[in-house]
Amino acid sequence: MRRKYLSALWKCFLSAAVFLCFTGCGRQESTTPPGDSESIQTESSENSMQGETQQGETRQENKEPSAERQPDDVEPDCQPGQEGILSTERTTATFEAGSFWELNIVVGDDCIYGFGRRQKGEKSILFQVGAEDGIVRDFEVELEPEISVRAACTDSSGNLHMLLFQRGDSEWMEILTLDKSGQTISRIDVSEEGIDSFDLCMTIGADGSYYISYLHGEESSILVLDGNGSRKEAFSLDVRLVGLGTGRSGQIYGMVYSQGGQYLAMLTEKGEIEACLKGEFPDMPKINCLQPGVRCELLLGNGTYGAWTYEAGCLEQAVTAEEMPFKGQDVAAFGFLNDGRLCITGYRDGVYTIECLPGEREK
């Protein structure tokens with residue numbers, strides 16, 4: 001009797017188990033048993049593949065905008081590696097820096113840099129002025145009386161590079177680089193190069209190298225230094241260079257001056273000078289300001305006679321002599337801003353005035 005009772009109970013239990021299996025009511029979420037390495041590896045592999053797929057999709061999404069971005073969709077560089085927006089506005093600003101016995105001004109980015117002595121024999125003061133607002137920002141760096149600035153230029157970021165020379169018992173020459181706030185970026189000793197000329201020009205190539213030209217008689221030499229001041233190349237030229245600059249493409253240009261006039265030339269890889277097509281300036285004072293344009297290869301300027309654009313053999317005057325706001329000795333300095341405008345400063349009625357004129361025209 002007992003055996004039949006147990007058998008009946010067992011049959012009921014089996015029937016209930018079968019019923020639960022088919023209905024799924026007794027199913028629980030699956031878990032991986034400890035030590036089941038095959039299951040762990042399979043799940044890990046699936047998660048890894050899923051993660052890689054998601055990351056790959058993300059990387060592809062990040063790449064798509066740059067892949068679709070064509071050169072014609074953006075403004076051309078105003079210097080190698082930098083985008084520029086052409087400005088056609090004319091602005092005027094004034095700033096009070098007091099009188100100077102000796103003042104030099106370099107234009108770069110959206111500001112101008114000034115350095116000079118208020119009195120003979122004093123230290124040189126350095127400052128920066130906003131081309132738009134005329135606000136003067138003094139630098140802490142000062143130059144001792146025996147130190148002179150032989151050449152200066154700016155790079156695409158607006159940093160100021162000055163070729164300094166100290167004459168005396170301990171002669172030396174160095175390239176001092178300051179940022180727009182006047183903080184020192186680097187000091188590079190180039191004393192061993194033995195450059196001894198006051199007719200110096202300096203520009204910075206697309207790779208950050210320094211190109212320094214200097215005169216000896218009626219001939220010129222170009223010294224090329226890397227960003228650390230080590231010599232890369234040196235060229236001797238049988239022409240007289242009065243200007244040196246870098247084009248928008250990174251090409252190095254020089255202005256060759258002679259009694260018969262002057263013409264624009266390119267520096268070749270072999271260290272030779274090659275005249276640019278239709279780059280002649282007959283019967284014109286020295287064009288000694290050469291800077292990259294925004295929509296043209298090169299901007300050229302003279303402090304009294306105006307500004308020109310050069311692109312693929314097309315030389316066009318953008319600012320005429322009649323449009324120049326200052327003449328002769330009233331011109332303190334001039335140069336081009338990174339938005340393509342000609343920036344000219346003049347001293348009048350006890351203040352310096354900054355005039356910014358469109359150096360490139362809309363086409």
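**Figure 1. Strand 6 and strand 7 side by side in the predicted model.** In this predicted model, strand 6 covers residues 124-130 and runs antiparallel to strand 7, with five bridges between the two. One spot to look for is Val 129, which sits across from Val 136 of strand 7. Close by in the numbering, the side chains of Asp 133 and Arg 137 form a salt bridge, N to O at 3.5 Å. Both partners fall in the middle class for accessibility: Asp 133 is partly exposed at 41%, and Arg 137 is partly exposed at 34%.

**Figure 2. The four-stranded sheet around that pair.** Pull back a little and you get an open sheet of four strands, ordered 4-5-6-7, with antiparallel pairing. Its edges are strand 4 (102-108) and strand 7 (136-143), each of which has a pairing partner on one side only. From one strand to the next, the twist averages 20 degrees. If you're tracing side chains here, remember that in a regular strand they alternate between the two faces of the sheet.

**Figure 3. The hairpin made by strand 4 and strand 5.** These two strands run antiparallel and are joined by seven bridges. Val 107 has Ile 112 of strand 5 as its bridge partner. Just two residues separate the strands in this hairpin, and Asp 109 in the turn has a positive phi of about 60 degrees. What is Asp 109 linked to through salt bridges? It belongs to a network of them together with Asp 110 and Lys 180.

**Figure 4. A salt bridge between strand 4 and strand 5.** Here the side chains of Arg 117 and Glu 102 come together, with N to O at 2.6 Å. Arg 117 belongs to strand 5 (residues 111-117) and Glu 102 to strand 4, so this pair ties together parts 15 residues apart in sequence. Is each partner buried or exposed? Arg 117 has a relative accessibility of 7%, so it counts as buried. Glu 102, at 29%, counts as partly exposed. For the wider tally, the whole structure holds 12 salt bridges.

**Figure 5. Two loops held by Lys 123 and Glu 144.** The side chains of Lys 123 and Glu 144 meet in a salt bridge, N to O at 3.5 Å. Lys 123 is in the loop between strand 5 and strand 6, while Glu 144 is in the loop between strand 7 and strand 8 (147-154); the two are 21 residues apart, and the pair links distant parts of the chain. With relative accessible areas of 37% for Lys 123 and 33% for Glu 144, both ends of this bridge count as partly exposed.

**Figure 6. Asp 189 in strand 11.** This view picks out Asp 189, which has its place in strand 11. The strand spans residues 184-189 and has the highest confidence in the protein, at 96. Asp 189 has a relative accessible area of 55%, so it is exposed. Set aside the neighbours within four places in sequence, and Asp 189 is in contact with Met 173 and Glu 174. Leu 163 is 26 residues away along the chain, and its C-alpha atom is separated from that of Asp 189 by 9.9 Å.

**Figure 7. Gln 329 in its loop.** Gln 329 is found in the loop between strand 23 (314-319) and strand 24 (331-336). The relative accessibility of Gln 329 is 83%, so this residue counts as exposed. Thr 304 is 25 residues from Gln 329 in sequence, and the C-alpha to C-alpha distance between them is 9.5 Å.

**Figure 8. The start of the chain, with some whole-protein numbers.** Over residues 1-79, pLDDT stays under 50, and the model has 36 contacts beyond four places in sequence for this stretch. Helix 2 (residues 37-68) is where confidence is lowest, with a mean of 36. Where pLDDT is low, the predicted coordinates shouldn't be read in detail. Across the protein, mean pLDDT is 79, and 77% of residues reach 70 or more. In secondary structure, the protein has two helices and 26 strands. Of its 363 residues, 42% are buried. As for contacts with a separation of 6 or more, 42% are between residues 24 or more positions apart. The protein exposes about 20,500 Å², with 47% of that supplied by carbon and sulfur atoms.

How values were computed
Residues numbered from 1 in each chain as written. Predicted model: local features only at pLDDT ≥ 70, side-chain atom pairs only at ≥ 80, totals over all residues. Heavy atoms only, no water. Pairing = 2+ DSSP bridges. Axes fitted to C-alpha atoms, helices over the stretch in contact; angles between N-to-C directions. Salt bridge = Lys/Arg side-chain N within 4 Å of Asp/Glu carboxyl O. Buried < 20%, exposed > 50% of the residue type's maximum accessible area, 1.4 Å probe, protein only. Contact = heavy atoms within 4.5 Å. Areas by Shrake-Rupley, 256 points an atom, 1.4 Å probe, with all protein chains shown as cover. pLDDT = per-residue confidence, 0-100.
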